[in-house]
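The following note sets out several points on the structure shown below. It is arranged as numbered paragraphs for ease of reference.

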Amino acid sequence: MEDRPQGINVIDGAYERMCDFEELYRCYLDARRQKRYRDDIMEFTDRLEPNLFEIKRELES
């Protein structure tokens with residue numbers, strides 16, 4: 001077993017999954033639930049694809 005601080009769990013491939021476009025889209029859908037008509041959510045949704053790609057780029061850098 002690797003030396004890790006107690007209470008730290010590692011999930012194999014979690015970061016790669018987090019950077020996956022489909023996963024980002026699923027997270028967007030979860031986040032907007034019950035909030036879809038808020039101004040900030042509608043603004044983000046208007047440019048959804050570019051916004052998700054920007055988040056993906058930031059996570060990967």
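1. The structure holds 6 salt bridges. The model is a predicted one, and every value in this note was computed from it. Three of the salt bridges are described in the points that follow, including one within helix 2.

2. In helix 2 (residues 21–32), Arg26 and Glu23 are 3 residues apart, about one turn of the helix. Their side chains form a salt bridge in which the closest N and O atoms are 2.6 Å apart. Arg26 has a relative accessibility of 38% and therefore counts as partly exposed. Glu23 is likewise partly exposed, its relative accessible area being 25%.

3. A further salt bridge joins Arg33 to Asp30, with 3.5 Å between the closest N and O atoms. Asp30 is partly exposed, at 34% relative accessibility. The two pairs should be read together, since Glu23, Arg26, Asp30 and Arg33 are linked in a network of salt bridges.

4. Arg38 and Asp40 also meet through their side chains in a salt bridge, the N to O distance being 2.7 Å. Arg38 is partly exposed, with 43% relative accessible area. Asp40, at 41% relative accessibility, counts as partly exposed.

5. The aromatic residues deserve a separate point. The count comes to 3 aromatic pairs. In the pair Tyr25 and Tyr28, the ring centres lie 5.9 Å apart and the planes stand at 35°, so the pair is tilted rather than stacked, a term kept for planes under 30 degrees apart. Tyr25 and Tyr28 are 3 residues apart in helix 2 and are thus separated by about one helical turn.

6. Is each of these two tyrosines, Tyr25 and Tyr28, buried or partly exposed? Tyr25 is partly exposed, with a relative accessible area of 37%, whereas Tyr28 counts as buried at 8% relative accessibility. Ring pairs link Tyr25 and Tyr28 with Phe44 into a cluster.

7. Phe44 also takes part in a helix contact. The axes of helix 3 (residues 39–46) and helix 4 (residues 48–60) come within 5 Å and cross at roughly 90°. The two helices are therefore roughly perpendicular to each other. Helix 3 contributes Glu43, Phe44, Thr45 and Asp46 to the contact, and helix 4 contributes Leu48, Asn51, Leu52 and Ile55. By character, the residues of this contact divide into 4 nonpolar, 2 polar and 2 charged.

Methods: Residues are numbered from 1 along each chain as its sequence is written. This is a predicted model: local features need pLDDT of at least 70, side-chain atom pairs count only at pLDDT 80 or more; totals for chains, interfaces and linings use all residues. Side-chain values use heavy atoms; hydrogens and water are left out. Axes are lines fitted to C-alpha atoms, for helices over the stretch in contact, and angles run from 0 to 180 degrees between N-to-C directions. Helices (H or I, at least four residues) and strands (E, at least two) are DSSP runs, numbered from the N terminus. Angles under 35 degrees count as roughly parallel, over 145 as roughly antiparallel, 65 to 115 as roughly perpendicular and the rest as oblique. Contact means heavy atoms within 4.5 Å. Ala, Val, Leu, Ile, Met, Phe, Trp, Tyr, Cys and Pro count as nonpolar, Asp, Glu, Lys and Arg as charged, and the others, Gly among them, as polar. A salt bridge is a side-chain nitrogen of Lys or Arg within 4 Å of a carboxyl oxygen of Asp or Glu. Buried means under 20% relative accessible area, exposed over 50%, partly exposed in between (1.4 Å probe, protein chains only). Rings of Phe, Tyr and Trp (its six-membered ring) pair if their centres lie within 6.5 Å; planes under 30 degrees apart count as stacked, over 60 as edge-to-face and the rest as tilted.
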